[in-house]
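The following note sets out points for a colleague who has the sequence and the structure at hand. Please read it alongside the display.

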Amino acid sequence: LTDMFAPWISIHTGTVISGSFDPSLKLVNLNGRSPMIVVNGFALRNWSLLGNSADKQLNVRMECSQIDGVADAPAETAIKKVEQFKLSAVVSNDIVRFGLGWNDLQTEDHNKSEISGSLSFKQNPRLLFALDKAEILINDTLWSAIPGNQLVFDTSGFEAHNFGFSNNNRQ
């Protein structure tokens, strides 16, 4: 089916995805795990997904041990990769609050991140995006999001307000 409806995704043997939906109770449950899923050529290794609804909100968490661009090669040979990748989202009242992180423990120059923010659909068709906290360590150098940042997308284009990263006095 993926060849026909989603040719950009490849789901490997051993993948299990299950879930349930009860519209009368407004409940959703979703579980998944896979040794590897390839999306547009990027391999998500040791992938897992958990999702459930409670108290009028949807909670989703996706994790994988590594993301790399060499799906047909062993994971340990990947040169460019992101390790210990985690993405979480809570959807409620037309707002998506998210967390994103990775921690490349195996690399010589340490790369890691802790990013959290929100995407608001409350002013539809305007979308408001903001980073609450974003700390990204690239080659052992820490970059932080500028406070008070916001991106606004609407039908006429987009605006950026205080959006950027700083490292001490560098931006």
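1. Surface and charge. In this predicted model, the accessible surface of the chain amounts to about 11,300 Å², and carbon and sulfur atoms contribute 55% of that area. Among the side chains, 14 are positive and 18 are negative; the centres of these two sets are 6 Å apart.

2. Confidence. The mean pLDDT of the chain is 90, and 92% of the residues score at least 70. Confidence is lowest in helix H1 (residues 2-5), where the mean is 77, and highest in strand E7 (residues 95-104), where it reaches 96. Where pLDDT is low, the coordinates of a prediction should not be read in detail.

3. Overall architecture. The chain contains one helix and 13 strands. Along the sequence, the helix comes before the strands, in the pattern α-β-β-β-β-β-β-β-β-β-β-β-β-β. Along the principal axes, the C-alpha atoms occupy a box of roughly 50 × 50 × 30 Å. Of the 171 residues, 29% count as buried. Among contacts with a separation of 6 or more, 31% link residues 24 or more positions apart.

4. A buried serine. Ser 113 belongs to strand E8 (residues 111-123). Is this residue buried or exposed? Ser 113 is classed as buried because its relative accessible area is 5%, and the class covers values under 20%. Leaving aside neighbours within four places in sequence, Ser 113 is in contact with Leu 100, Gly 101, Trp 102, Glu 135 and Ile 136.

5. The cis peptide bond. The bond from Asn 124 to Pro 125 is cis, with omega near 15°. Pro 125 is located in the loop between E8 and E9. I would ask that this bond be named in any description of the loop.

6. Strands E9, E10 and E13. Strand E9 (residues 126-138) pairs with strand E10 (residues 141-145) in the antiparallel sense, over four bridges. In this pairing Ile 138 stands opposite Thr 141. The two strands form a hairpin with two residues between them, and Asn 139 in that turn has a positive phi of about 50°. E10 is also joined to strand E13 (residues 165-166) by two bridges, again antiparallel. There, Ser 144 of E10 stands opposite Ser 166 of E13.

7. Strands E11 and E12. Five bridges connect strand E11 (residues 150-154) with strand E12 (residues 157-161), and the pairing is antiparallel. Val 152 is placed opposite Glu 159 in E12. A hairpin of two residues leads from E11 to E12.

8. Asparagines with positive phi. Which backbone angle deserves a remark at Asn 40? Although Asn 40 is not a glycine, its phi is positive, at about 50°. Asn 40 sits in the loop between strand E3 (27-39) and strand E4 (42-54). The residue counts as exposed because its relative accessible area is 57%, where the class requires over 50%. Asn 93, likewise not a glycine, has a positive phi of about 50°. Its place is the loop between strand E6 (81-92) and E7. With a relative accessibility of 57%, Asn 93 is therefore classed as exposed.

Methods:
Residues numbered from 1 in each chain as written. Predicted model: local features only at pLDDT ≥ 70, side-chain atom pairs only at ≥ 80, totals over all residues. Heavy atoms only, no water. pLDDT = per-residue confidence, 0-100. Pairing = 2+ DSSP bridges. Buried < 20%, exposed > 50% of the residue type's maximum accessible area, 1.4 Å probe, protein only. Contact = heavy atoms within 4.5 Å. Areas by Shrake-Rupley, 256 points an atom, 1.4 Å probe, with all protein chains shown as cover. Lys, Arg positive; Asp, Glu negative; His and termini not counted. Charge placed at Lys NZ, Arg CZ, Asp CG, Glu CD.
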